[in-house]
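Subject: Structure for your files

Hello,

Here is the structure I said I would pass on. My notes follow below it.

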Amino acid sequence: MPPSVQEPPRYSVVAATSAEDRAQAFDVRVTVFVVEQLVPQEEELDAWDDTAYHFLALFHSSGAQEAVGAARLVVLAGGAGKIGRVAVLRRHRRHGVGRLLMAAVEAQARRLGIKSTKLDAQLHAIPFYEALGYSAEGPVFLDANIEHRLMRKQLHAT
Ligand code: COA
């Protein structure tokens, strides 16, 4: 029997702490939200970006890596955690990248002592967040002319 070859993981998520990583995360967001979803760029990149924790998903192939996803965690006044700008480039969707991003953001929230996270979910993304333990509440509302609902999750220690 030939020795089994362990495939390296194709996707990883890093905290985007360097200016370069942040710029790549912003590029992904612009591609997804501004180019694909037609959100005005001045609404997509906002003042919360200055203080948010940013995350970048990378695709590893043939020794190279490509930025393919992004998300951010905003710590609101009072200490609540708000997740946002969760985006995966179209050709990399349904490969678990969104799930990896959310796990990294929630791990950061736990490290900060945050007990629950909330987010504004586009209606089409509700099944994605439900699969990760979020529950929708309240009415549908418009943000950047896109229908959303509030979703929340209690974070438990892992
Ligand atoms: N419909 C139903 N369930 C979905 C789904 C969809 N479109 N996308 C993901 N899920 C669920 C599935 O249960 C999936 O697990 P499975 O693939 O084993 O069935 C699970 O969520 C995890 O999916 P994953 O592959 O990690 O998600 P993704 O990498 O495709 O990212 C988004 C999901 C929403 C981030 C991605 O579709 C995206 O970037 N969309 C455009 C930007 C956007 O609308 N962001 C959300 C703003 S609120």
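I begin with helix 3, where V97, G98, L101, M102, A104, V105, E106, Q108 and A109 are buried. Please keep in mind that this is a predicted model. Helix 3 covers residues 97–111, 15 residues in total. From its first C-alpha to its last it reaches 21 Å, close to the 21 Å expected at 1.5 Å a residue. After helix 3 comes G113, which has a positive phi, near 85 degrees.

Next, the sheet. It is open and is formed by seven strands in the order 1-2-3-4-5-7-6, with mixed pairing. Strand 1 (11–15) and strand 6 (135–143) are its edge strands, each pairing on one side only. From one strand to the next, the twist averages 25 degrees. Strand 5 (residues 116–122) pairs with strand 7 (residues 146–154) in the antiparallel sense, over seven bridges. In this pair, K118 stands opposite R152 of strand 7.

Two helices that pack on the sheet are worth noting. Helix 1 (residues 19–36) touches strand 1, strand 2 (53–61), strand 3 (64–75), strand 4 (81–88) and strand 5. The direction of helix 1 makes about 90 degrees with that of strand 3. Helix 3 also packs on the sheet, touching strand 1, strand 2, strand 3, strand 4, strand 5 and strand 7. For helix 3, the angle with the direction of strand 3 is about 40 degrees.

One residue of strand 2 that I looked at is L56. Is L56 buried or exposed? L56 counts as buried because its relative accessible area is 0%, and the cut-off for buried is under 20%. Leaving aside neighbours within four places in sequence, the residues in contact with L56 are S12, V13, V14, A16, D21, Q24, A25, A67, G69 and L101. Of these contacts, L101 is also among the buried residues of helix 3. The C-alpha atom of L56 is separated by 18 Å from that of R110, 54 residues apart along the chain.

Last, the ligand. It is surrounded by 21 residues, of which V86, V88, G98, R99 and H124 are the closest. A backbone N or O atom of G98 lies 2.7 Å from an oxygen atom of the ligand. For R94, a backbone N or O atom is 2.8 Å from a ligand oxygen atom. With Q37 the atom concerned is a polar one of the side chain, 3.1 Å from an oxygen atom of the ligand.

Regards

Conventions
Residues are numbered from 1 along each chain as its sequence is written. This is a predicted model: local features need pLDDT of at least 70, side-chain atom pairs count only at pLDDT 80 or more; totals for chains, interfaces and linings use all residues. Side-chain values use heavy atoms; hydrogens and water are left out. Helices (H or I, at least four residues) and strands (E, at least two) are DSSP runs, numbered from the N terminus. The expected span of a helix is 1.5 Å times one less than its number of residues. Buried means under 20% relative accessible area, exposed over 50%, partly exposed in between (1.4 Å probe, protein chains only). Two strands pair if DSSP finds at least two bridges between them. Axes are lines fitted to C-alpha atoms, for helices over the stretch in contact, and angles run from 0 to 180 degrees between N-to-C directions. Contact means heavy atoms within 4.5 Å. A residue is near a molecule or strand if one of its heavy atoms lies within 4 Å of it. A polar contact is a pair of N or O atoms within 3.5 Å; within protein, one must be able to donate a hydrogen and the other to accept it, and residues adjacent in sequence count only if both atoms are side-chain atoms.
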